[in-house]
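The following paragraphs lead through one protein structure, moving from a single strand residue to the chain as a whole and then to its interior. Please keep the sequence and the coordinates at hand while reading.

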Amino acid sequence: TGLNFNDGALVPITGSSGRGGSGTRRQRPSSDYGPSSAASVAQLAAVESRFPPEALGRLSCLGPDGRSIHSVAASSASAAANTGDRGTATRSNTEYSIVTHFLPLSGTRSSTTAGDDPDDDNGGNAYSYSEPGGGNGPSATKRSVDVVNTTLPEDVAASLAVDPPIGLICVDTESSRSGRRPRGHTAGGAAHSERGDDDDDGDDVKVVASLPLLCLYTARSAFVLRATYTVGSDGNYEAVANGTIESSFEPFEHHLLSASSSTRIVTILPGPGCGYQSSLLPSDVVCRPGAMLALMASDGEDSVVLFHGGTSASAVSVPLKRGYEDLGSDSSDSLVDVCFASPSPAAAGEEDSATVLFPSLSVLLLSRTGCVHAASPIVFDGALYSTRAVVNASQYLREEIDRLDNNDPAKPEEAVLWRRARAAAYFIDEAFGTLTDRSVYVKASALTGIRDGPQSSKEWPISIQGPMLAIPDVDDVPSPTGTYGCVVPFSGTGTGSSLVSGFAVGRIVSSSDGGTKQARVDIGILSSGATILPRFEFESEADADCVDEMLEGVAAFVEAIQFESPDVSQTEDLTRTRTTRCTLIPDPVDGSTLHHVSNSGVVTVTTNAVDLVGRKVGGNGHGDEEISTSAWSLLEVSAPAALEGVGVSGDAHLGHILVARSSDGSMEAINITAAQYLQEASKLASKNVAERALLPVSSAQTESDEALKAMESVPPLHELIAPITQDISSGLAGMGKIVGGATRPQDATTGTVATVLDTKASCEKEIILPLKQLHRLSTARRQLLQDMYESQMNQIEQLRNMVETLRVRMDATNDKKAVAEANATALSQRSAAVLSAARDLVPTITEAEHEYYMQLKRYDASSKKWQGHIDTMKKRADKLCDTAGSNPCALEISADDMTHMTELLKGQGNQLKFSTRKFDKLDRETKRIMKAAGVNDDSRGEGNGKENVQGQSQ
């Protein structure tokens, strides 16, 4: 079953102590990530989002080439909807559109010729860009359009009015569809020209360009949209172009109508090879445009539904269904997210490996309780797979079937694995057909056709495997009482081993006492290769339990990062603190980086956990290596604003950037490389200095610091007079020793006088002058102390006045409090009366009734949509009928043809007469046999056959 991470070899890495550089760590994201930080917070703190919490960060997607971002926008038809009372705007007045921004965002196009665009101030974003084929100089090519605004049709808008959108994904494979159209160029067949009829000079030529296929989905429906926009072929610059929805299609409409009324869409993923793909992962699977995977949930059952591309409702299959005990929305262990299992980038050059195909056929499923499951095979019809990988996988399964013993009672586990390998081999052979080495890719067949039998393996329902991993028991983090959010592949940089693949689980958790919710990311590893083989529902319960037990230990959590959040203000919106939604975006450039999107903003996490474990498993690791993890705030959002869409592009021309759309419609682009550089540079500074720099400094504290510095600049008095006192003491001691006290004046000699004069000079220098200096210092210090005394007395007087003022205010407040308490009883009685009256006036409905009314609205929207299609079909039928009525179909038959047809009719008559005689003979023989056998003859049936045959003959 692959590698087992419970063998003790990885204990230093998977420990839960969280200290010593391994295991679980707490990371506090730094809010100081560059000059764009303050601008981002200011721009993203304006308007509350119109979309539900499930849509957090999911209403934007990049084009297949990573050079355009498409977002869902909602605007109200009334001006009052943009005011503070946003809740008064009804959904029927909301207009939805798809807004496409070509990167770089307007205002940062270094490719624009200076002076061509007066509205371009070249500000706002910290990156530059030049068009392919252009340059950074004055001769650079300028693009024709910055933004394309595409209004959604009425039938789509009617569905969105009932169920708001929760996600937008790109399901196209052609990068030319999403590229911008520079001057004088079209994009590889994705554009064509239109010429006006009244313009012979060609001045009215228009270029129609196509946007990529987009899938906009709600909880009850999904729409695949194909849009175009028109620009002038002369290359004139247009800031905004209007797009048109050429066609819309609901791929899951038939499935949702036939399913339970409680069925809802949890999330939808583009098929492998569709949308913007990371350059790190092996691109061995390419699906048809429009292919997607949907995770759906209903009461007591989850399902994985595949749409294989195209425009036919028959291209939908349900390979996986999982039932569970329905204990309510808060207690049921339903599935909350799904992702494709991603092989390690180290396996990109290992096509000869026998098991490189199996991760491409697998998905990871996350349940509400935090358990990680797996499922295989997930195969899209018409998808291209590597022929060598399929051949090697089929050969590996054949070898496993030959190696395992199916008839040994002493080894029941081998019999279970033998049956699993045989079923997997049968499916691989039927899904991919006969393989040859002539082609590089093989086309998969996942839908049953005419040639497939009634028991085709393509119709086998697959089984869910595991759980392979449950929530880790970590002591130094709060109990995860919040709902698990999402699971994404986390491949690493490829410096590890192909034996290990990674994934990440993101969620919002709260402490056991229901405190502040905090974001958390768990990094997990999974044994690659043949760990997850195809398994199907016809397995016996004993076989399923046996294989699930083998899967225990093939995955492990190796790192947990929790972001410490500041205390939430009491005045902040309470709905912001209750949300448990988050979104993880793997970085397409750096496999060791992912971005956690929540209501607070975007936090970037970088860790080498997957690569380090891969090296240790592969035997290439060093004993002193430790997991290194860092996290920092890349974009901050203030309530009540929210990030409606986030995308990360790694285009070679644009650089490594993150583009976010706020609830006020503004777009913000951040250079991830520059932000990461500033984050790494900040680690070199002192931690204390960094913390002081983040603390706000008030004006009062600044004045206090200046006063303290002034006081500290004046040295203490004892330090000043100590050396002077020492000099005076030394001078007095010297005088006593030299002069003495026994020499009389009349006995003084010349030497004695000289000694006296010298002593006097010494006394003036060593005693008198220091005493004067000491007097001057004492006088100055006395004045300073007097000033300080007066100042302190003034401050004390001010404090007394302040205390008196506060006492007066407190008395007034107590009087007002008494009045308020006196009125509280009357107000409570009035409130109770108003509430009682309101209950009688406002109708109340149950949750079931509300769901019933919402379902009626959905049926009404669908009926209007179908009525439009029926009207269109009726018009076409009327035209055909009118054409048939004006030109009746008359057959002209020649005489020879009439003679030939008459002969044919006569021959048919003769054949009918012969058949009648033969039938009469058989009837007589039957009666004779019945009479000989003693069976009563039913006379009521006599002659019926003969009469029928005669009637046909006539």
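**A partly exposed arginine**

Arginine 264 has a relative accessibility of 34% and therefore counts as partly exposed; that class lies between buried, under 20% relative accessible area, and exposed, over 50%, with a 1.4 Å probe and protein chains only. The model is a predicted one, in which local features need pLDDT of at least 70 and side-chain atom pairs count only at pLDDT 80 or more, whereas totals for chains, interfaces and linings use all residues. Residues are numbered from 1 along each chain as its sequence is written, and side-chain values use heavy atoms, with hydrogens and water left out.

Arginine 264 belongs to strand β12, residues 264-270. Helices (H or I, at least four residues) and strands (E, at least two) are DSSP runs numbered from the N terminus. Where does arginine 264 meet residues beyond four places away in sequence? It touches Ala219, Arg220, Leu295, Met296, Ala297 and Ser298, a contact being heavy atoms within 4.5 Å. Serine 298 is 34 residues away along the chain, yet its C-alpha atom is 6.3 Å from that of arginine 264.

**The chain as a whole**

The protein contains 17 helices and 32 strands. Of its 954 residues, 42% are buried. Among contacts with a separation of 6 or more, 72% join residues 24 or more positions apart. The exposed area is about 51100 Å², of which carbon and sulfur atoms supply 52%; accessible areas come from the Shrake-Rupley method with a 1.4 Å probe, and for residues only the protein chains shown count as cover.

**The interior**

A nonpolar core is a set of buried Ala, Val, Leu, Ile, Met, Phe, Trp, Tyr and Cys residues joined through side-chain atoms within 4.5 Å. In the largest such core, which has 54 residues, Leu293, Phe380 and Tyr385 touch the most other members. At least two residues each come from β13 (292-298), β14 (301-307), β16, β17, α5 (387-403), α6 (412-432) and α7 (541-551). Helix α6 contributes the most, eleven residues. A second, separate core has 27 residues, including Leu152, Leu160, Ala209 and Phe223.

Leu160 is also one of the buried residues of helix α3 (residues 154-162), alongside Val156, Ser159 and Val162. Seen down the axis of α3, these buried residues fall within an arc of 155°, so they line one face of the helix; the arc is that of the directions from the helix axis to the C-beta atoms.

**A buried serine and a cis bond**

Serine 362 occupies the loop between β16 (335-340) and β17 (363-367). With a relative accessible area of 2%, serine 362 is buried. Its side chain reaches the backbone oxygen of phenylalanine 358 at 2.8 Å. Beyond four places in sequence, serine 362 is in contact with Phe340, Ala341, Ala375, Ser376 and Ile532.

Serine 376 in turn precedes a cis peptide bond, to proline 377, with omega near 10°. Proline 377 sits in the loop between β18 (372-375) and β19 (384-386). Another cis bond runs from leucine 103 to proline 104, with omega near 0°, and proline 104 lies in the loop between β4 (94-102) and β5 (145-151). Most peptide bonds are trans.

**Cysteines without a bond**

How many disulfides does a search of the whole structure find? The count is zero, a disulfide being a pair of cysteine sulfur atoms within 2.5 Å. Cysteine 582 is buried at 5% relative accessibility. The closest cysteine sulfur to that of cysteine 582 is in cysteine 486, at 4.3 Å, which is too far for a bond.

Methods. A polar contact is a pair of N or O atoms within 3.5 Å; within protein, one must be able to donate a hydrogen and the other to accept it, and residues adjacent in sequence count only if both atoms are side-chain atoms.
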